[in-house]
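Here's a walk through one protein chain, a few pieces at a time. Keep the picture open and follow along as we go.

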Amino acid sequence: MTEKECFPIHYSATKIMTVKFFILKFAIMTTFGMIQQTHAWSTGTIDCLRNVLSLQHQSFPGRNRRTSKHSAYDYADKNGNSMTTCMVSSSKASEIFEGDVVSESVSVCNDPNKPFNPLPNFMLGKTVIITGAASGLGLESAKRMSAAGANIVLTARSIDKSNWAVDAVNEYLNEIEISSATDAECQHGHVIGIELELEDLNSVKTFSKRYKEKLINIPSTITFKEQIDVLMNNAGLGGMPTREFTIDGFERTFQSNHLGHFVLTHTLFPYFNRDVNDKYDGCRVINVSSLAHESARLANSKVSGIDIDNIVMADKEYSNYGPYQQTKLANVLFTQELQRRANAAGMKEWFTTVSMEPGIVATDIWRYTLGKDPRSNPRGDNDVWSAVERSSSTVPGGKIVQWLARNIFYRAFTKTEIGANTQIYLASAPNNRCERTQSTIEGGKHYGWDMQMKELDDFAQDKEKALELWTISEECAGIKFTPHR
C-alpha cells in the first residue's frame, strides 16, 4: 500500500495548502510590484515579502524534502485508515504505534490542520514558563496547556502586560468550562504573570528571585510546584527598520531572541525538574526558532551560516531581517550545544532541549513592516501602524500598499491557533525516555511546523560555530554557563 493510500488526509491537506500558497504568492507578487514603485518608504516591507517568498518550500505540507515522513502521532491503523493523534498517554503510546485499536482515553483528530490539544489532565501538576506570552504563539500555548492541567508562568515586558495575559488565559478557560458529567474530573492549571524584560540582562538575571517571591504569595490551597517542567523560550523580535541597542549595549534582535534566553536558561537551570517517574518526565527546554534560520548569511556575503563577528552588534551589515535570520539560527545552534553539554554532564536521563519552527504565522513579529494584525489591533489603537502610516502618507500609493499588506497577508498567513501546534506538542508529548514508545521527541533535534523532526542544513549543525556562539554569549552576559546535575 502506498503512502498516499495509507495517509489520504495528509495528501488532501497538501493539495489544499498548495492552492493556498499560490493564492498567497499571487497576492505577494502583485503587492510587491506596487511596492517597488513606491519603495522610498518600503524597504522593510520588501525585505519582509522576500523572506516570505524565500520560505515557500518549507511552509506547506509536501513541500519540504528534509522533513521525515511521519510525525510521532501520525499512524495508520490495521485497516489502513489515517489517524492523527492529538495526544496520547505514556501507557497507551505503545498500542498506538503498533497500530492497535485506539483506546477511549486517547484523543484523536482526523484533520491535521486543527489545533493540537493535549488531553485534559495530561499536564496536570506540571510547571511551564513561557516568555513573550502576552500575545501570539506564547499566549495561545498558555491557553491550551493550562486547559490540560499545567500551571503556567506567563512573562511579558511589563507587569500590566503579564496581568493582561493572565486575564486572557483565565477568560479562555472559563469559556471552555466543564459542560458535562464526563468532564467532571478535568482540572485546569493555575496561571500567574511575572515581568521579564529580555532586553535588560539585570531583569533576566533577577527573574528567579521574582519567580520564587510570586510562588510564595500563591494561596496554600493551590498546588504550584517550584520545579520547572518546561521552559518555552518563545519571545521574539524581528524586522526592525533601523539598528537599535539595548540598555546593555547589544543589538536589540540579538539580545531579545538569543542572549536574553541564553541567560534565562542559565538562571533557571537550578529549578529544572530532575524527577523522572510515572508523573514527571524531567525538564524540557523549547527554543522557538524560525524557518528564517535557513536564510542566515554572513555579512556582505551570500555564504550561509552564523556570523559570529556581526551577530552581537550588526555593525558590519544591517538589514531589517538580517539580524532576525542570524538569531533564529543562533536558537538552533544553542539548542544543540546545550544538549551536548547536558549529556556530557550525565543529565540525558532528565534533560531535553529542542528547537522548532512554527511556519509563517500571523503574529506581531511582522508588526514593524506590515503593521499589527488589524483583526486584533484596530487602526486607532495601533501605535506601530500609525508610525508606518505616517511614513507612507507622503508617497503615492503608500497607504494602499500598506493596507494590502495588513489585510491580505495576515489573512493568508497561518493562524496562531495552528502555528502554536508544534511547541505545544513538544511541551506535552512523551519523549524517547518512555518505554516501548516510538516518540520522536529527541534532545538536540529540530522540529518543523508539522510537529515532525526536521533535518538541518550543514551550517545549522556546525559544532565549532555553536561553541563559538556559546563562548561569546557567556562573555556578553558576564556569566559562566555550566549545566549541572
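Let's start with a pair of neighbours in this predicted model: strand 8 and strand 9 (residues 351-356), which pair in the parallel sense over six bridges. If you'd like one spot to look at, find asparagine 287, whose bridge partner in strand 9 is serine 355. To get from one strand to the other, the chain uses helix 11 (residues 322-344), and together strand 8, helix 11 and strand 9 make a right-handed β-α-β unit.

Strand 8 has another partner too. Strand 7 (residues 230-233) runs parallel to strand 8, and four bridges join the two. Here leucine 231 stands opposite valine 285 of strand 8. The chain crosses from strand 7 through helix 10 to strand 8, and this β-α-β crossover is right-handed.

So how many of the residues of strand 8 are buried? Six of its six, so to speak of this strand as mostly covered is fair, with buried meaning under 20% relative accessible area. Both faces are covered: on one side sit Cys283, Val285 and Asn287, on the other Arg284, Ile286 and Val288, and all of them are buried.

Just before strand 8, have a look at the loop between helix 10 (252-268) and strand 8 (283-288), because that's the place of tyrosine 271. Is tyrosine 271 buried or exposed? Its relative accessibility is 16%, so tyrosine 271 counts as buried. Leaving aside residues up to four places away in sequence, tyrosine 271 touches Ser208, Tyr211, Lys212, Glu226, Gln227 and Ile228. Take glutamine 227 from that list: tyrosine 271 and glutamine 227 are 44 residues apart in sequence, yet their C-alpha atoms are 5.1 Å apart in space.

Now back to helix 11, and over to helix 17 (residues 463-477). The axes of these two helices come within 9 Å and cross at roughly 90 degrees. That makes helix 11 roughly perpendicular to helix 17. Where they meet, helix 11 brings Ala330, Leu333, Phe334, Glu337, Leu338, Arg340 and Arg341, while helix 17 brings Lys463, Lys465, Ala466, Leu467, Leu469 and Trp470.

Next, head back along the chain to strand 5 (residues 151-156). Six of its six residues are buried, so strand 5 is largely enclosed by the rest of the structure. Asn151, Val153 and Thr155 point one way from the strand, Ile152, Leu154 and Ala156 point the other way, and all are buried.

Strand 5 has its own partners. Strand 4 (residues 127-130) pairs with strand 5 in the parallel sense over four bridges, and isoleucine 129 has valine 153 as its bridge partner in strand 5. Add helix 6 (residues 136-147), and you have a right-handed β-α-β unit made of strand 4, helix 6 and strand 5. Strand 6 (residues 191-195) also runs parallel to strand 5, joined by five bridges. There, alanine 156 has glutamate 195 in strand 6 as its bridge partner.

Finally, zoom out. The protein chain holds 17 helices and 10 strands. Of its 485 residues, 57% are buried. Among contacts with a separation of 6 or more, 75% are between residues 24 or more positions apart. As for the outside, the chain exposes about 21,000 Å², with carbon and sulfur atoms supplying 50% of that.

How values were computed:
Residues numbered from 1 in each chain as written. Predicted model: local features only at pLDDT ≥ 70, side-chain atom pairs only at ≥ 80, totals over all residues. Heavy atoms only, no water. Buried < 20%, exposed > 50% of the residue type's maximum accessible area, 1.4 Å probe, protein only. Contact = heavy atoms within 4.5 Å. Pairing = 2+ DSSP bridges. Right-handed = clockwise from strand over helix to strand, strands pointing away. Areas by Shrake-Rupley, 256 points an atom, 1.4 Å probe, with all protein chains shown as cover. Axes fitted to C-alpha atoms, helices over the stretch in contact; angles between N-to-C directions. Parallel < 35°, antiparallel > 145°, perpendicular 65-115°, else oblique.
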